[in-house]
Amino acid sequence: MKNLDYDKSDRRLGWTLLGLILLWVVSGCGYHFVGGEDNIDPRIQKVFVDTFANRTSQAGLESLFRNAFIDQVLRSSRFQLAGRREEADAIIRGSIQRLNTTHLSYQTTDLAAEERVTVVMEVTLEERVSKKILWQNQNFSYYGDYPVASGSLTATETERQSAIAKLAGDAAERAYSLMLSGF
């Protein structure tokens with residue numbers, strides 16, 4: 001009889017251990033999706049978007065990208081936009097490192113039909129007083145595609161400029177989301 005009780009307790013222990021192992025596996029390694037969770041100190045309320053540096057040969061990118069980040073802060077309800085650096089709790093800084101254009105697809109005549117413009121930049125969210133970096137990506141890249149107008153350089157350049165403007169807004173939205181989530 002004692003032998004049967006021993007087998008039952010072994011089975012219970014085995015099932016308990018199996019359950020604990022499964023619970024441990026399901027709970028995982030700590031990686032989880034944050035789903036828009038805000039990882040910035042709630043005391044940081046006002047953000048100033050500093051002038052972006054432009055290390056490319058394309059004039060005006062610094063204003064375009066800075067304005068895109070300003071628009072993103074204004075659209076979000078998380079921060080207030082500070083009008084001056086001295087009023088801010090944190091500062092968003094950026095530096096546009098590269099803007100590359102590559103052919104994406106070709107027509108049957110071997111001319112480009114679609115091109116991709118890619119921006120590579122450094123973006124930082126820094127606490128103003130302590131200069132503590134809250135979030136940084138030194139190699140943030142984003143891209144946008146646009147059609148090449150066959151036979152019209154002017155139309156192609158207009159498409160390119162539109163793609164860069166959209167790219168600035170999309171990149172600001174993505175970087176801002178990453179800042180808040182801590183990725």
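**Figure 1. Where α2 meets α3.** On the α2 side of this contact sit Leu61, Leu64, Phe65, Ala68, Phe69, Gln72 and Val73, and they meet Ile164, Ala165, Leu167, Ala168, Gly169, Ala171, Ala172, Glu173, Ala175, Tyr176 and Met179 of α3. Sorted by character, the residues of this contact comprise 15 nonpolar, two polar and one charged. The view comes from a predicted model, as do the other views in this set. Helix α2 covers residues 61-75 and helix α3 covers residues 153-181; their axes come within 8 Å and cross at roughly 50°. An angle of 65 to 115 degrees would count as roughly perpendicular and one under 35 degrees as roughly parallel, so α2 and α3 are described as oblique to each other. As for its hand, the crossing of α2 and α3 is right-handed.

**Figure 2. A closer look at Gln72 in helix α2.** Is Gln72 of α2 buried or exposed? Its relative accessible area is 9%, and buried means under 20%, so Gln72 counts as buried. Gln72 belongs to helix α2, and it is one of the α2 residues that meet α3. Setting aside neighbours within four places in sequence, the contacts of Gln72 are Ala172, Glu173 and Tyr176. Those three residues are also listed on the α3 side of the helix contact.

**Figure 3. Leu99 and its surroundings.** Leu99 lies in strand β4, which spans residues 90-106. With a relative accessible area of 15%, Leu99 is buried. Which residues does Leu99 touch, leaving aside its neighbours within four places in sequence? The contacts are Thr56, Gln58, Leu61, Val117, Thr118, Val119, Arg160, Ile164 and Leu167. Three of these names may look familiar from the first view: Leu61 is in α2, while Ile164 and Leu167 are in α3, and they take part in the contact of the two helices. Val117 deserves a second glance here, as its C-alpha atom is separated from that of Leu99 by 6.8 Å, with the two residues 18 apart along the chain.

**Figure 4. Ala53 in strand β2.** Strand β2 consists of residues 53-54, and Ala53 is found in it. Ala53 has a relative accessible area of 23% and is partly exposed. Leaving out neighbours within four places in sequence, Ala53 is in contact with Gly94, Ser95 and Ile96. For a sense of distance in this view, the C-alpha atoms of Ala53 and Arg66 are separated by 9.4 Å, and the residues are 13 apart along the chain.

**Figure 5. Lys131 in the loop between β5 and β6.** This loop connects β5 (112-127) with β6 (133-147), and Lys131 is located in it. What is notable about the backbone here? Lys131 is not a glycine, yet its phi is positive, at about 65°. The residue is exposed, with a relative accessible area of 53%.

**Figure 6. The whole chain, for orientation.** Three helices and six strands make up the secondary structure of the chain. Read from the N terminus, the order of elements is α-β-β-α-β-β-β-β-α. The chain has 183 residues, of which 31% count as buried. About 11,800 Å² of the chain is exposed, with carbon and sulfur atoms supplying 54% of that area. Of the contacts between residues at least 6 apart in sequence, 68% join residues at least 24 apart.

Notes: Residues are numbered from 1 along each chain as its sequence is written. This is a predicted model: local features need pLDDT of at least 70, side-chain atom pairs count only at pLDDT 80 or more; totals for chains, interfaces and linings use all residues. Side-chain values use heavy atoms; hydrogens and water are left out. Axes are lines fitted to C-alpha atoms, for helices over the stretch in contact, and angles run from 0 to 180 degrees between N-to-C directions. Helices (H or I, at least four residues) and strands (E, at least two) are DSSP runs, numbered from the N terminus. Angles under 35 degrees count as roughly parallel, over 145 as roughly antiparallel, 65 to 115 as roughly perpendicular and the rest as oblique. A crossing is left-handed if the near helix is turned anticlockwise from the far one by less than a right angle, and right-handed if clockwise. Contact means heavy atoms within 4.5 Å. Ala, Val, Leu, Ile, Met, Phe, Trp, Tyr, Cys and Pro count as nonpolar, Asp, Glu, Lys and Arg as charged, and the others, Gly among them, as polar. Buried means under 20% relative accessible area, exposed over 50%, partly exposed in between (1.4 Å probe, protein chains only). Accessible areas come from the Shrake-Rupley method with a 1.4 Å probe; for residues, only the protein chains shown count as cover.
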